[in-house]
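Pull up the model and keep the sequence beside it. We'll take a walk through it, one piece at a time.

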Amino acid sequence: MAKIFVYDAYENRLMTFQRSENDPMPYSYGNTITVKEFRGSSSSSVLWTTTAAMEAWNLTRRSYGKPIHVGYAFKRIWEGGHGTRSQHYAGVAFDVGQGQGSAVRNAIWRAAKNTGAWGYVEPQDMTPTWVHFDRRYGRPACPNTTAGYPTLRRGSLNTYVLILQDALNALGYSTRTLDGKFGANTENALRAYQRRVGLVSDGICGCNTWKKLTASVVSIGRTKTVID
């Protein structure tokens, strides 16, 4: 059984679902992606995504018209497996079509691209043995890039706040909860981390803080201070 957060950007709210491994993901079309498929190699009992990512998946699946093999989707940042700015940690990225041949991957890529629903569909020459697409959202905190995570501050609410809380907790700076809501406890934990690593302790997670934080936590594994 998994606890699944789903962020709805249209209404700026986080919803919580309980699903078993073979249940369809919330907001997914039919049974085209199960909790087990979305989880992939993650061992987490807590997962998260967005309604927009599920809607983009639905459009792609309908356009392609056949099952799509999902190799990697969700990961918690301390589990690693992806880069320091990966959208997989936000629950909005999919790596699909592994081991299915170039003709199949080309068809999936075209279906994803033609929907216009994904924020990013990776060029095929960058992923020659799989197809990557993600429904990233918000403006990246670091300038002159379309990658990375947006600036977060007190009052923010989304899956990027879940990444922030997850990273701080894993490093021992307790936010006391994992709920995607940037409140007083998350701000205090962030300020403590910023002081410790020599950043301006302003309680705002911007470009420099994201860089330091993600570099410190990616792939360190579950620690005793991780919160589920």
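What follows goes from the cysteines to the helices, and then on to a few loop residues.

First, some housekeeping. This is a predicted model, so local features need pLDDT of at least 70 and side-chain atom pairs count only at pLDDT 80 or more, while totals for chains, interfaces and linings use all residues. Residues are numbered from 1 along each chain as its sequence is written, and side-chain values use heavy atoms, with hydrogens and water left out.

Let's begin with sulfur. A disulfide here is a pair of cysteine sulfur atoms within 2.5 Å, and by that rule the count comes to 1 disulfide. The partners are C142 and C207, with their sulfur atoms 2.0 Å apart. What does the bond tie together? C142 lies in the loop between β7 (131-134) and α4 (159-170) and C207 lies in helix α6 (residues 207-217), so the pair links parts that are 65 residues apart in sequence. Those element names come from DSSP runs, numbered from the N terminus: helices are H or I runs of at least four residues, and strands are E runs of at least two. The torsion about the S-S bond of C142 and C207 is about 95 degrees, so the disulfide is right-handed.

Now for accessibility. Buried means under 20% relative accessible area, exposed means over 50%, and partly exposed is in between, using a 1.4 Å probe and protein chains only. C142 is buried at 16%, and C207 is buried with a relative accessible area of 16%. Then there is C205, buried at 0% relative accessibility. Why is C205 not bonded to C142? The closest cysteine sulfur to that of C205 is in C142, but at 9.6 Å it is too far for a bond.

Next, move to helix α5 (residues 184-196). Its 13 residues reach 18 Å from first C-alpha to last, close to the 18 Å expected at 1.5 Å a residue; the expected span is 1.5 Å times one less than the number of residues. The buried residues of α5 are T186, E187, A189, L190, Y193 and Q194. They cover an arc of only 165 degrees around the axis, which puts them on the same side of α5. That arc is taken over the directions from the helix axis to the C-beta atoms. An α-helix has 3.6 residues a turn, so residues three or four places apart point the same way. On the other side of α5, R195 and R196 are exposed.

What do the buried residues of α5 pack against? They pack against α4 and α6, where contact means heavy atoms within 4.5 Å. At the α6 side, L190, Y193 and Q194 of α5 meet T209, K212, L213 and S216. The axes of α5 and α6 come within 11 Å and cross at roughly 85 degrees. These axes are lines fitted to C-alpha atoms, for helices over the stretch in contact, with angles running from 0 to 180 degrees between N-to-C directions. The two helices are therefore roughly perpendicular, a label for angles of 65 to 115 degrees. Just after α5, G198 takes a positive phi of about 85 degrees.

Helix α2 (residues 51-64) has 14 residues that should span 20 Å at 1.5 Å a residue, and its end C-alpha atoms are indeed 20 Å apart. Of these 14 residues, 10 are buried, so α2 is largely enclosed by the rest of the structure. Among the buried ones are M54, W57, R61 and Y64. Just after α2, G65 has a positive phi of about 80 degrees.

That brings us to backbone oddities. Most residues other than glycine have a negative phi, and most peptide bonds are trans. N12, in the loop between β1 (2-8) and β2 (13-19), nevertheless has a positive phi of about 50 degrees. N12 counts as partly exposed, at 43% relative accessibility. R176 is not a glycine either, and its phi is near 70 degrees. R176 lies in the loop between α4 and α5 and is exposed, with a relative accessible area of 66%.

Last, two more loop residues. N144 is in the loop between β7 and α4 and is exposed at 84%. The C-alpha atoms of N144 and A167 are 25 Å apart, with their positions 23 residues apart along the chain. S43, in the loop between α1 (35-39) and β3 (46-50), is exposed at 59%. S43 and N169 are 126 residues apart along the chain, and their C-alpha atoms are separated by 17 Å.

Key: Angles under 35 degrees count as roughly parallel, over 145 as roughly antiparallel, 65 to 115 as roughly perpendicular and the rest as oblique.
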